[in-house]
Amino acid sequence: MAVTLKDVAERAGVSRSAVSRAFTPGASVSPRTRARIEAAAEALGYAPNALASALTTGRTKLIGLVVTNFHNPAILEVFDQFTRGLQDQGLRPLVVNLSAATDPAGSVRMLRQYSVDGVIVASSTLPTDFAAAFRQAGIPVVHAFGRPSEAPEVPVVGIDNIACGRMAAETLIARGYRKIGFLGGPEAASSTQDRATGFLAALRGQPGIAVSTSYASDYTFDAGRAEMQRLLEGGPAEAYFCGDDLLAIGALSAIREAGLSVPGDIGLIGLNDMEMARWQIIGLTTIRQPIDRIIAAAIKAVAAAIADPEHPAEVTLFPCELIERQTLRSLAQTSSQPQPVPRR
């Protein structure tokens, strides 16, 4: 039979309300009484009932974690860090998989049914108004990996995708590539649009540079591989900025399958620095976004939004960095001919 709050109260020689207060954060109970209650609970093997606590406090400590693209292994890394980070803060994640949906209405209804205290939308592909729908429904929300704006409706934590696109372009120019391509994810995704914007802006007007753009159907290995196969048939560029590591790894597979080498024939640079990118057999040169810092900041932001529903919506962006591996020419291999200077 399960140990109850009444059993603990009797063993500790206190009232049931005292036991309840001892396990309610911020409730008033003397240190001496708390120590007696905790000793009794440990001896009996008692654990507070989270659902009962929610009825008392009005807080479930449930955080809806809205995630897309579960077929992308990078999302599993994000999911792992988010769930552990929330649990470390005494919060409980409730996962909503939206891999095949973009309408927020169903998610709002679902999460309201579970009385979540807040929501984290963890997606770079969902539009900004998706997260805003939760705030309009009265649910504290943060958009992690979201698109920044000058007047955000909800807190946004992520990276500057335009700056990442610019970094990729400048890297390819510095390595001496002259025929350069952008291989993005779905064209409608805000992350794809912003990465392409920064990439193309950095290359615009550069003398002797030919630029092409193409878009894969999804952020997947198969989509990246299929798009690169199509590009190889029409005469590929010398190097590609792939808007996601998984696209780049799919492109790498297609290039090798065609009997070409990377970076000997075609150079590749990705974005994310997912675990697979670090595998020796892949060794992808990529732009790393600091996922751990983004997740920690998103959890902090949703806690602030829960504590103060009127807390102003702020944008928090973290810098990215180039990670050198083996899918681009090294600087030592670059031609000694004068190169165009990237404009900033």
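**Close-up views of a predicted chain**

**View 1. The whole chain, to get our bearings.** Take the contacts in the chain between residues at least 6 apart in sequence: 73% of them join residues at least 24 apart. Keep in mind that this is a predicted model. There are twelve helices and twelve strands in the chain, and the C-alpha trace spans about 85 × 40 × 35 Å along its principal axes. Of the 344 residues, 48% are buried. The accessible surface adds up to about 16500 Å², with 51% of that belonging to carbon and sulfur atoms.

**View 2. An open sheet built from six strands.** Read across the sheet and the strands come in the order E2-E1-E3-E4-E5-E11, with parallel pairing. Strand E2 (92-97) and strand E11 (315-318) sit at the edges, each pairing on one side only. On average, neighbouring strands here are turned by 20 degrees against each other, ignoring direction.

**View 3. Helix H12 against the sheet.** Here helix H12 (residues 291-307) packs on the sheet. The strands that H12 touches are E1 (62-67), E3 (118-122), E4 (141-144), E5 and E11. Compare directions and you'll find that H12 makes about 155 degrees with E3.

**View 4. Where E5 meets E11.** Zoom in on strand E5 (residues 156-159), which pairs with E11 in the parallel sense over four bridges. To pick out one bridge, look for Gly158, whose partner in E11 is Leu317.

**View 5. Phe182 and Tyr215, an edge-to-face pair.** The chain has five aromatic pairs, and this is one of them: Phe182 and Tyr215, 5.9 Å centre to centre with 70 degrees between the planes. Phe182 belongs to strand E6 (residues 179-184) and Tyr215 to strand E7 (residues 210-215), so the pair ties together parts that are 33 residues apart in sequence. Phe182 is buried, at a relative accessible area of 0%, while Tyr215 is partly exposed, at 28%.

**View 6. Phe199 and Phe241, a tilted pair.** These two rings have their centres 5.4 Å apart and their planes at 40 degrees, so the pair counts as tilted. Phe199 comes from helix H9 (residues 190-203) and Phe241 from strand E8 (residues 239-242), so this contact ties together parts 42 residues apart in sequence. Both Phe199 and Phe241 are buried.

**View 7. Four rings in one cluster.** Step back a little to see how the residues of the last two views belong together: ring pairs link Phe182, Phe199, Tyr215 and Phe241 into a cluster.

Technical notes:
Residues numbered from 1 in each chain as written. Predicted model: local features only at pLDDT ≥ 70, side-chain atom pairs only at ≥ 80, totals over all residues. Heavy atoms only, no water. Phe/Tyr/Trp six-rings, centres within 6.5 Å; stacked < 30°, edge-to-face > 60°. Helix = DSSP H or I, 4+ residues; strand = E, 2+ residues; numbered from the N terminus. Buried < 20%, exposed > 50% of the residue type's maximum accessible area, 1.4 Å probe, protein only. Pairing = 2+ DSSP bridges. Axes fitted to C-alpha atoms, helices over the stretch in contact; angles between N-to-C directions. Contact = heavy atoms within 4.5 Å. Areas by Shrake-Rupley, 256 points an atom, 1.4 Å probe, with all protein chains shown as cover.
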